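User: I'm new to this one. Could you walk me through it, a question at a time?

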Amino acid sequence: MKILVSDDVSEKGVEVLRAQGYDVDVKINLNEEDLIACIGEYDGLVTRSMTHVTEAVINAGKKLKVIGRAGVGVDSIDIKTATAKGIIVVNAPTANTVAATEHTCAMIMAITRHIPQAHNSLMAGEWDRERFTGIQLQNKTIGIIGVGRIGSRIAKRMQAMEMRTIGYDPYIPEERGKQLGVELVDLDTLLRESDYITMHTPLTKETRGMIGAAEIAKMKDGVRVINVSRGAVLDINALAAALKSGHVAGAAIDVFPTEPLTKDINPFLDMDNVVITPHLGASTKEAQIGVSVDVAEGVIAALNG
Ligand code: NAD
């Protein structure tokens, strides 16, 4: 059987597949057309976040039995079409949890103490201490939207910074909030009371565009907004407007509605109260090995029936 790996996943997972006797081709940076042209010969497809497995790709995958996603979010795969065709979709939901959590923490610290801006200023030969006065996390409130694997770990880490942690997640029981020390509230309360708001939901019909201009308007003056979940959860143009007006004091964004985020669609250019990273949440050595091995095992299990 033949498997196509169409994104840059760790070699460890490829080794796991080859050790099982599969014929594995690694072809990265294929566009949709290229993928449609070659997918017909493969029984399995392994992706990370760059490949969009569209309806047309799935329809061209005449022999396709399994699609693997080395990571948690499967919003890059047309699950409906895959399911209708009896194609199994497997992901690797846990191996990058800590990586995404730690990246979120790094982003929170970076916007709180202006670390990238201060670094750039010093590298440009300045010694400007006034401009980079930060605030303290201690005694501030962080609102976590989506208290799942990553959201709950953010709570634990931010509690260590002596922050009050509140959360909005209609799908977890009150009891779970208590265990985590997270006060569960409705979305409006979270928006109103938080000094920091961080998003950790999957991208679903419900969460697409969940935080737009109306929600941002309800946030506290001087709030800081962080998104390391999925780009389309947050309206970045509305956020950019609120950063410009000063209503939002800072933002840290790792994921964007359209990726890669090119200069012509980047609403944050020239803003010095923003830290953006190119979808680096899962980019640690440990997480990349973990997700590639996990997805390889999932693909093998699916192909073995
Ligand atoms: P998870 O499934 O463990 O947790 C998601 C939580 O969101 C769940 O508790 C769920 O109940 C909650 N939720 C669902 N719909 C909601 C809604 N409408 N309102 C509020 N809460 C809602 O997922 P996770 O592993 O914690 O991942 C969270 C997000 O982080 C996903 O979008 C994932 O794709 C993203 N992620 C990004 C990176 C990155 O590189 N930036 C890396 C890993 C994960």
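**Helix α7 and its surroundings**

Analyst: Sure, and keep in mind that this is a predicted model. Let's begin with packing: the buried residues of α7 sit against α5, β6 (141-145), β7 (164-168), α8 (174-180) and β9 (196-199).

User: Which residues of α7 are buried?

Analyst: Being buried here takes 20 or more other C-beta atoms within 10 Å of a residue's own. In α7, the ones that qualify are I150, G151, S152, R153, I154, A155 and M158.

User: How far does α7 reach from its first C-alpha to its last?

Analyst: The helix has 12 residues, and at 1.5 Å a residue you'd expect 16 Å. The model comes close to that, with a reach of 17 Å.

User: What supplies the largest share of the shell around the ligand?

Analyst: The shell counts 33 residues, with G73, G146, G148, Y171 and G281 the closest. Two helices, α5 (97-113) and α7 (149-160), each give at least two residues to it. The largest share is three residues, and it comes from α7.

User: By class, how many residues of that shell are charged?

Analyst: Nonpolar residues number 15 and polar ones 13. That leaves the charged class, at five.

User: Which helix gives the most to the largest nonpolar core?

Analyst: That core has 79 residues, and L239, V248 and A251 touch the most other members. As for helices, the top contribution is six residues, from α12 (residues 285-303).

User: Beyond four places in sequence, what is A251 in contact with?

Analyst: Contact means C-beta atoms within 7 Å. With those neighbours left aside, A251 is in contact with I111, R224, V225, L239, L243 and V274.

Definitions and conventions. Residues numbered from 1 in each chain as written. Predicted model: local features only at pLDDT ≥ 70, side-chain atom pairs only at ≥ 80, totals over all residues. Near = placed C-beta within 6 Å. Helix = DSSP H or I, 4+ residues; strand = E, 2+ residues; numbered from the N terminus. Nonpolar A, V, L, I, M, F, W, Y, C, P; charged D, E, K, R; others polar. Core = buried A, V, L, I, M, F, W, Y, C linked by C-beta atoms within 7 Å. Buried ≥ 20, exposed ≤ 12 C-beta atoms within 10 Å, placed from the backbone. Contact = placed C-beta atoms within 7 Å. Expected span 1.5 Å × (residues − 1).
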